[in-house]
Amino acid sequence: MKSGFVAVVGRPNVGKSTLVNALVGTKVAITSPRPQTTRNTVRGVVTVPDEFQAVFVDTPGLHKPKNALGERLNRLVYGTLADADAVLFLLDATAAIGPGDRLISKRLSEAKAPVIVVVNKIDIAARVQVVRQLAGASEWGFAAYVPASASTGEGVDSIVDEMKALLPDGPLYFPADMVTDQPESLLAGELVREAFLAHLEQELPHSLTIDVREIEQRRDGTVYVDAALIVERSSQKAIVIGKGGAMLRDCGTEARGELERLFGQRVYLDLRVKVEKDWQRKPELLDRLGFE
């Protein structure tokens with residue numbers, strides 16, 4: 001049997017989380033057009049009994065860090081690469097290969113794991129753009145090159161076929177019916193953050209994080225979720241709450257719907273907004289909030 005860990009890497013907003021969800025066949029990672037949506041390694045598990053098990057590790061987008069959080073996210077990606085048995089390196093078919101892509105390719109060339117280059121977003125790219133990306137990336141000499149669309153699923157089966165050929169022989173790392181190893185508190189917090197990311201503008205999404213304090217199964221069958229929305233300034237708190245509480249109410253309603261799909265039960269979502277000044281720059285706060 002083949003098995004292993006497959007790191008999914010690339011610049012911010014190239015579609016890594018969308019691809020992991022497509023590979024797993026269900027939502028294990030939140031998605032957003034905002035760069036740096038992913039802030040933790042998210043593992044999605046795909047198992048075909050007696051054939052293979054692939055543990056896809058969605059990673060934050062590699063970027064030039066502006067604060068302590070950014071530095072930690074980059075270290076998280078490099079640590080994931082060090083442990084990977086194979087790598088999916090995503091490029092955006094609609095954007096030219098840039099310095100960030102070349103930096104990642106250089107890192108991957110120095111690593112031991114074989115690399116599959118995925119030229120993503122072919123559903124919205126012109127054919128000439130896709131051909132140009134494949135030709136440019138082919139100079140790096142990696143194991144395989146696959147055009148695909150994580151949004152539509154086109155090319156996903158080809159990615160799996162290429163990936164299976166690269167995995168080593170190994171054991172089942174997770175039960176065959178498991179699709180992710182994320183704790184419920186992390187999943188719940190990410191679903192809440194996703195709802196707010198869709199509505200917040202400018203830099204505020206980067207200043208927002210979610211701290212899920214409690215998840216409790218109550219006697220009436222309701223799942224109680226206590227979550228704090230943490231921002232860096234009082235002015236941001238006012239935006240997250242919205243006029244007359246509208247933003248908090250509307251985004252909370254969206255998040256509750258996603259949580260009910262996650263838990264399969266009715267959810268009572270208790271949200272509050274808290275200011276932790278410059279939390280992205282303070283290692284002690286990053287530790288407390290769970291950023292490795």
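1. Helices and strands are taken here as DSSP runs, a helix being H or I over at least four residues and a strand E over at least two, numbered from the N terminus. On that basis the protein chain of this predicted model has nine helices and nine strands. Buried residues make up 51% of the 292 residues in the chain, and among the contacts with a separation of 6 or more, 71% come from residues 24 or more positions apart.

2. The largest nonpolar core has 26 residues, and those with the most contacts inside it are V6, L19, L23, F56, L88, I159 and M163. Two or more residues each are given to this core by the strands β1 (2-9), β3 (52-58), β4 (86-92), β5 (115-120) and β6 (144-147), and by the helices α1 (16-24) and α5 (156-166). For V6, once its neighbours within four places in sequence are left aside, the contacts are A54, V55, F56, V57, A86, V87, L88, M163 and L167. Another core, of 24 residues, lies apart from that one, and includes L191, V223, V231 and L269. As background, nonpolar side chains in soluble globular proteins tend to be buried together.

3. A separate point concerns the open sheet of three strands, whose order is β7-β8-β9 and whose pairing is mixed. Because β7 and β9 each have a single partner strand, they stand at the edges, and one side of each is left without a neighbour in the sheet. From one strand to the next, the twist averages 15°.

4. The mixed character can be followed pair by pair. Strand β7 (residues 209-217) pairs with β8 in the antiparallel sense over eight bridges, and within this pairing A227 of β8 is the bridge partner of V212. The hairpin of β7 and β8 has five residues between the strands, and G221 in that hairpin takes a positive phi near 95°. With strand β9 (residues 267-275), by contrast, β8 pairs in the parallel sense over nine bridges; here V231 has V275 of β9 as its bridge partner, while L229 stands opposite V273 in β9.

5. How far is strand β8 enclosed by the rest of the structure? Nine of the nine residues of β8 (residues 223-231) are buried, so the strand is largely enclosed; the cut-off behind this is a relative accessible area under 20%. Both faces are covered, with V223, V225, A227, L229 and V231 buried on one side and Y224, D226, A228 and I230 buried on the other.

6. Two helices should be read together with this sheet. Helix α6 (residues 184-197) lies across β7, β8 and β9 and runs at about 130° to β7, and α8 likewise lies across β7, β8 and β9, running at about 135° to β9.

7. Helix α8 (residues 246-263) also packs with helix α7 (residues 234-241), the two axes coming within 5 Å and crossing at roughly 55°. That angle makes α7 oblique to α8, because angles from 35 to 65 degrees fall outside the ranges that count as roughly parallel, roughly perpendicular or roughly antiparallel. In the contact, I239, V240 and I241 of α7 meet A246, M247 and L248 of α8, and the residues involved divide into six nonpolar, no polar and no charged.

Key: Residues are numbered from 1 along each chain as its sequence is written. This is a predicted model: local features need pLDDT of at least 70, side-chain atom pairs count only at pLDDT 80 or more; totals for chains, interfaces and linings use all residues. Side-chain values use heavy atoms; hydrogens and water are left out. Buried means under 20% relative accessible area, exposed over 50%, partly exposed in between (1.4 Å probe, protein chains only). Two strands pair if DSSP finds at least two bridges between them. A nonpolar core is a set of buried Ala, Val, Leu, Ile, Met, Phe, Trp, Tyr and Cys residues joined through side-chain atoms within 4.5 Å. Contact means heavy atoms within 4.5 Å. Axes are lines fitted to C-alpha atoms, for helices over the stretch in contact, and angles run from 0 to 180 degrees between N-to-C directions. Angles under 35 degrees count as roughly parallel, over 145 as roughly antiparallel, 65 to 115 as roughly perpendicular and the rest as oblique. Ala, Val, Leu, Ile, Met, Phe, Trp, Tyr, Cys and Pro count as nonpolar, Asp, Glu, Lys and Arg as charged, and the others, Gly among them, as polar.
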